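Biologist: I am new to this structure and would like a close look at a single part of it, with the terms explained as they come up. Please take your time over the details.

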Amino acid sequence: MMSSGIKRFFTLVTLTLILSFLLQAGGTGRIVGIVVDKATGQPLIGVNVVVVGTTLGAATNANGEFLILRVAPGEYDVRLSMIGYKEVLVTDIRVYGDLTARLQTIELEEQVLELGEEVVITAERPVIQRDLTTSTQYLGVQELQRLPVTDARQAMMIQAGVFFDPIPVMGGLGSSGRGEPRYAVRGGEQGQVRWYINGVRTAAIIEGRADRGGSYLHIHPHAVQEMQLLSGGFTAEYGEAQSGIVNIVTREGGDRFSGSAEYIYGLPGQRHFGNYLYDRETQKEFIDNRLPDGSLDPEWWTPYRQSQIYDYRKIPDHIAYISLGGPLFDRGDQKGTFFAAAQLKREAYSLPRPRDTRDLDDVLASVSLQLKPNMRMRITGLYSHEAHTTLQENTDFTNQAKYYRGWGSVFNTYTYMGGVNFTHALSPTLFYELRLSKYFFDSQENPSEFTELGQSINPTIWGFQRFNGFPNEPFDAWSPILQLHLQTGDLAFTGNINWQMNSWNFIKSGFELRYFTMREIESYRFPSYSLHPDDWLNRGLHETFHPIQISAYVQDKMEFESMIINIGLRYDYFNPNRDWFVSRDIFNLALDPLFDPALDPDGDQMDANGRVKYSFDNVLDKPREPARSYHMVSPRFGVSFPISDKSVLHFNYGHFYQMPALDRMFEFGYFRPEYIVKGQIAEREAAENEGREPGRTPSVEGDPERVVSLTIDPLRPEKTIMFEAGIRHNFDDFAVLGVTGYYKDMFDQTQPREGLFDRQVQGYDPFRGAIHPSIAYASHFSGDYADARGFEVTFTTLFSSIYTLDVNYSFARATQGRATPGRIRFDEQGDPEFVWDVDVHKRIPIERSFSRPHILRANLYVQIPDSFGSSFPAKLLRNLNTSLLFRYVSGQTFTYVGPEDPPDTYDNHRYPAIHTVDLRLEKSFQFGRMNRVTVYSLITNLFDTKNVRSIGDIFFDANAVRRYVEEGEVTKVDGGGYDISWQTYHQRRQVYVGVRFNF
C-alpha cells in the first residue's frame, strides 16, 4: 500500500500535467506588423514574410496583419514578398525576450523590378516598449562591450536597482558570510535572485557562504546574446525568487564560422591603500623584534616565517576569453549549428591568502538543430571549476595571516549544467516547448598546503596567539580547520504551451517538475593540532535527501491599442521529502534519558545496559517525522498604458514565494568540547601502547558533547508582496526618461543569527528535573519581516550617433525587524516559553546592511565613426571609443550613542559615500570584411579616490567610533597597536590592458 503522502504527491503530479503545460524561463519574442498597398492603403492578403536566416515566417491575414512567434532575442532582417509587388527587406529589427517587436506599417509598391532587385527599409526601433509591464533591463552584446567592465556579471551589477556591496559579509560561528561581498536587488539579498542560462535555472539552493551556493554568476561575456534583468513584477512563469530574475540567452552559431578571442592583463601593484603589510618601517611586528643594531631578531625572523611571506603586489591578473560558432550541416529544411565559449581567469588577491590568485575555468557549448521547419532542438552544456580561498571566519582578513598562510582554507567548486530544449510549432499561432535539464554543484573546502598543525601555548581570552617566537605559528586556539564536502542540484523537466489566440490575446501555461539532491558528504571542524578522522570538534549529520518541487501557471498577455495587460496565476508545491527531529522536551539530543547512573559505577557514562549518557548515536535514535509540505498560490498582475506614442505608464502587483536555503532550513551541528578530543587522543595512544581497545572519554556535566545548532522547525516559505508604478517618456527622440516607484513587504523571513548566543533553544534536563540553565542550541526561526521602498530614475540620450549618456539613480531604503523571540524555553511537556530580545536593534526596524539611500551611476560613451574626417589626425581617431562610468553610493549606517543621545539610539550615522570613476578607452582596426581587432585599456577608480571602508578597530578599541564621529579621525591601528591601515579604504586604482579579435 502506498502511503497517503506518496498518493498525494502522485495526484499532484497528475493534476499538474493535466491542467497545464508550463514554465520556461522566458526566452523568445514576437515580430508583428501590417502590410498595405502603397497606392491604395488597403491591406494585402497572403504576403509572404520570412525572418532572414531562419525557418521562421508567416503570411498576412485578411487585415494585412502578420505574426511571427518563437523569435530568439537578437537583431534580424525580415523579407516580404508577393507576386506583382516589389520585394521589401526590413533590417535591424531588435527582438527582446518575452516582448513584441512591432513594426510600423509596411507599404508594398505594385511594380515589376529586375530580378534580384529589392527595396530596403531600416526598421525604426521603438524607443518606448509599449508592452513592457515590469521593470526590465536588457543588455546585449553592444551594451556589454561599451561598459568599462571585464565580465558580464559586473555589467549586471551596475544596473538600476542593483547594489554590489564591496564591504564583505562578516561571519563567525552561527553567522552567515565568510568575508565575501554580496549584491542586492531592490532591498532583497542575493539569495532572493535567480539566474537562468537558456532557460535552465542555475541555482544551488543553499546559503551562499564564501560563494558556496546561490546562483551561478560567472557568465562568459562572449557567449551572451542577451541579458535580461527583471527587478520587479515578473510574470507568473517565474517562481522561487523574491527580488529578481536574470535571464541569460547565449549565442548560437550562424551560417558561417565566426568567433572571438580576448586577453586581458591586469597590471600588478599594491591594490589596497595604507601600508604594505611587510613594510619594516611601519609594521609593529618588525619594529618590536628589531635588535639594537637594526637587524631582526633571528628568534622571531625564523626561516619558517620568512617562507610564509611573498610579495602579493607583484602578481598580475590574467583573463582570457575565446568563442567559436558556425554550421554543422545544412540539408534544406534540416540544419545544425554549434557555439562554444571558454574562459580562464587568474585574479590576484588584494591581501595575502593561501592561494596567490582566485582561479576560474569554464566551458559553455550549445548545439542548435532545426529538425523540421516547425521543429527545433537546442542542447546546452556548462562546466566550471573555481579555485578560491577563505580566511578566518570572523573577518575577511586578520593580521595573523600575514605570517601564516595556513590561516585560511581553500575552496574548490565544480558546476555542471546540461539542458535539452525541444520546440514544436503545431501551427503559426500555437507552439510548445519541453526541456529536460540537470544542474549540479559540488563544493569542497579543505585545509591549504600551508596549514600547520599545532597549539597556541599562550592564547589570549579570544584564543589568539600573536607572534610569540614559536617556529610554526601563529595559531588560534579556536581556529577552525574545516573539511567540508557538499553536493546539491536538481533534475528538472519543464514545459510550456503558447497560443496566440487572436491578434491581441497571447496565452501561456505549463508545468515545472524538479527533483533536488542535497548531499552532505563531509562536514567537519578539526582542532588546530589534529586531522585524524576521529578527532573532530564539530560535525554534521552526513545525510542525503531529495526535495520535490511542482509548479504550474497560466498567464494571459492581452495587447490592445490603449492598454496591455499581463495577468497570471502561479501554483507551487514544495515537499522537503525529509524526516526531521520532533523532540522538544530535552535540552540536548545527544542525551539518553534512559541512562541509569546507578548502573554506572566507574563513571564512564555507560551503564550496565549499554546505554551511553551522551553520544552522537543518541541523536540518530531520536524520533523524526516527515517535514511539512507547502502549497503556495501567487497572483500576478501587470498593465501598461501607452498614453501616446511617446509615453507609457505601467503598474504591476504580485505575490512571490521562495523556499529558504536547504542548509538553513535543516541546520544541524554537533559539538564535542576540546577536552573530550584531547582525552580521546591520549586514550587512543595509551590503548595502542598497552595493546587494548580505547575506552570512553566521558563528558563534564556543565560542558557535555551536544547538539549546538538545530533548526527546531523546518522553515516556512518566505513571501514578498510587491507593487510598482512607473512612467517612461520619449522627449522628441532627444532622450528617454523613466521613473519607477516600488514598495515590497517581506514576511516569514529568517534573519541571520548574531554570534553564539542568539536564537537559542533551551530544553528540559530529566536528570536535574528542570530546564537546563546553561546548555542550549542555536536555531533559525521563521517569522521575521523586512520591507523596501524607493524610486528609480533612468535617463538615456538618443540624439547623437557619436555619443550616448546613460544615467540611473536610485533612492531606496531597506529595513528589517524581528518578530521572533531571542530564546525559546521548553518544559517537560514540550510547552514553549518565549523570551524576547532586549537589544535595541532587535526590537525596532533597522536598516539592512546593504541599504543605501542614494545610488547614482552615469555612463558616457563616445564613439568616433569610421567615416570621421579624411585628414590624417581624423583617420587616427576613427573607431576610437571611450566609456566613462561614474558611481556614487551612500555609506552604510553605524551607531554612536553620544552623551546627549537617548539609550535606544541606533543607526544614527553613516560612513562617507563611495564615489569612483572608471574609464575604458579602445581603438578598433578592421581587416577585410569580417575581421576586427580591438585594443583597449580599462582603469577602475581612475583618480585613485580614497573611499572609507573602516573607521577603525570598533571591536577592541573603545574610542575608535568616538574619534571618528567627534574628531573625524579614522583609526589606523587596532586595539593591540598593530597596523590596520590596509583595511581603511576600498580598493585603489587598477589598470587593465586588453586585446580582442573578432572574425
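Biologist: In helix α10 (residues 960-967), which residues are buried?

Modeller: This is a predicted model, in which local features need pLDDT of at least 70 and side-chain atom pairs count only at pLDDT 80 or more, while totals for chains, interfaces and linings use all residues. Residues are numbered from 1 along each chain as its sequence is written, and side-chain values use heavy atoms, with hydrogens and water left out.

In helix α10, the buried residues are A960, V961, R963 and Y964. Here buried means under 20% relative accessible area, exposed means over 50%, and partly exposed lies in between, with a 1.4 Å probe and protein chains only. Helices (H or I, at least four residues) and strands (E, at least two) are DSSP runs, numbered from the N terminus. Looking down the axis of α10, one finds its buried residues within an arc of 165 degrees, so they line one face of the helix; the arc is taken from the directions between the helix axis and the C-beta atoms. These buried residues of α10 pack against β52 (893-894), where contact means heavy atoms within 4.5 Å.

On one side of the helix in sequence comes the loop between β55 (931-940) and α10, and D957 is found in that loop. With 14% relative accessibility, D957 counts as buried. Leaving aside residues up to four places away in sequence, D957 touches R963, T971 and G975, and R963 is itself one of the buried residues of α10. Just after the helix stands G968, which takes a positive phi of about 75 degrees.

A positive phi is also found at residues that are not glycines. One of them is D733, with a phi of about 60 degrees, in the loop between β39 (718-730) and β40 (735-749); its relative accessibility is 38%, so D733 counts as partly exposed. Another is R759, with a positive phi of about 55 degrees, which has its place in the loop between β40 and β41 (760-762). The relative accessibility of R759 is 1%, so this residue counts as buried.

Strand β5 (residues 74-81) offers another view of buried faces, this time in a strand. In a regular strand the side chains alternate between the two faces of the sheet. Along β5, the side chains of G74, Y76, V78 and L80 point to one face and are buried, whereas E75, D77, R79 and S81 point to the other face and are not. Strand β2 (residues 48-51) pairs with β5 in the antiparallel sense over 4 bridges, and two strands are said to pair if DSSP finds at least two bridges between them. In this pairing, N48 stands opposite S81 of β5. Strand β6 (residues 87-95) also pairs with β5 in the antiparallel sense, over 6 bridges, and R94 in β6 is the bridge partner of E75. Between the two strands of the β5 and β6 hairpin there are 5 residues, and in this hairpin G84 takes a positive phi near 90 degrees.

To return to the part you asked about, the picture of α10 is of a helix whose buried residues line one face and pack against β52, with the buried D957 in the loop before it and G968 just after it.
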